[in-house]
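The following briefing sets out the fold, the confidence, the surface patches and the salt bridges of one protein chain. Please read it alongside the sequence and the coordinates.

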Amino acid sequence: MDKIAQDVGDIQSRLIDHRPVINSEIRYLVKEFEEKRGYRESRLLESVNKMVLETKEQMQMSNMEASAQQLSEIHKRLEAANHMAARVQQRELEAQQSTQLQENLDHLKDEWAEFLKEQQRLKMQVDEEHDEVVRQLTSKYCEMEKELIKSYPL
């Protein structure tokens, strides 16, 4: 009976448990694949990787050269722009100074005109005071002359 149970167990494991068969089939496939291909894929991948690295280095070099040239051109343009901006600022400063000088000159002219008006007013005031004093003195001396004539008739 043990023998029958063992045979039934063997038959059952062969019918239900396919792992040993699958494992052997996988080993066979891998062996066939490796033998027929001869690691062609790995050699192909290595050569592709080498080409990619070489291309990357060449591109980096050409990109660096192009970048350096572009930076040089940009630097020249920036220097030109800075020079033009400095000239514009200088012109603006000169115009502003010219405007400031003109404003100062106009202000001084206004002050001078005001000064002349004030001097004219003061002159007129002094002239009026002088005329008044002259009139007073004239009238005083006229009266004194009249009194003198009255006192000393000729």
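The secondary structure of the protein chain amounts to three helices and zero strands, arranged along the sequence in the pattern α-α-α. The model is predicted, and the chain has a mean pLDDT of 84. Of its 154 residues, 0% count as buried.

**Confidence**

- In the protein chain, 90% of the residues reach a pLDDT of 70 or more.
- Among the elements of the chain, helix α1, which spans residues 2-16, has the lowest mean pLDDT, at 70.
- The highest mean pLDDT among the elements, 88, belongs to helix α3.
- Where pLDDT is low, predicted coordinates should not be read in detail.

**Exposure of the chain**

- The protein chain exposes about 15100 Å².
- Carbon and sulfur atoms supply 59% of that exposed area.

**Nonpolar surface patch**

- A nonpolar patch on the surface is formed by Leu44, Val48, Met51 and Val52.
- Together, these four residues have about 370 Å² of accessible area.
- Val52, one of the patch residues, is found in helix α3.
- The relative accessible area of Val52 is 48%, so this residue is classed as partly exposed, a class that ends at 50%.
- Val52 also clears the requirement of over 30% relative accessible area for patch residues, because its value is 48%.

**Negative surface patch**

- Glu103, Asp106, Asp110, Glu111 and Glu114 form a negative patch on the surface.
- Asp106, one of these residues, is found in helix α3, which covers residues 40-151.
- With a relative accessible area of 33%, Asp106 is partly exposed.
- Because patch residues need over 30% relative accessible area, Asp106 qualifies on this count with its 33%.

**Salt bridges**

- The structure holds three salt bridges.
- Glu118 pairs with Arg121 in a salt bridge whose closest N and O atoms are 2.4 Å apart.
- Both Glu118 and Arg121 lie in helix α3, where they are three residues apart, about one turn of the helix.
- Glu118 counts as partly exposed at 34% relative accessibility, and Arg121 is likewise partly exposed, with a relative accessible area of 43%.
- A salt bridge also links Asp127 and Lys123, with 3.7 Å between the closest N and O atoms.
- This pair counts as a salt bridge because its 3.7 Å separation falls within the 4 Å cut-off.
- Asp127 and Lys123 are both in helix α3, four residues apart, which is about one turn of the helix.
- Asp127 is partly exposed, with a relative accessible area of 34%, and Lys123 is partly exposed with 48%.
- The side chains of Glu132 and Arg135 meet in a salt bridge at 2.7 Å, N to O.
- Glu132 and Arg135 are separated by about one helical turn, because they are three residues apart in helix α3.
- Glu132 is partly exposed, having a relative accessible area of 34%.

Conventions: Residues numbered from 1 in each chain as written. Predicted model: local features only at pLDDT ≥ 70, side-chain atom pairs only at ≥ 80, totals over all residues. Heavy atoms only, no water. Patch = residues over 30% accessible without salt bridge, like charges linked within 9 Å, V, L, I, M, F, W, Y side chains within 5 Å. Areas by Shrake-Rupley, 256 points an atom, 1.4 Å probe, with all protein chains shown as cover. Lys, Arg positive; Asp, Glu negative; His and termini not counted. Charge placed at Lys NZ, Arg CZ, Asp CG, Glu CD. Helix = DSSP H or I, 4+ residues; strand = E, 2+ residues; numbered from the N terminus. Buried < 20%, exposed > 50% of the residue type's maximum accessible area, 1.4 Å probe, protein only. pLDDT = per-residue confidence, 0-100.
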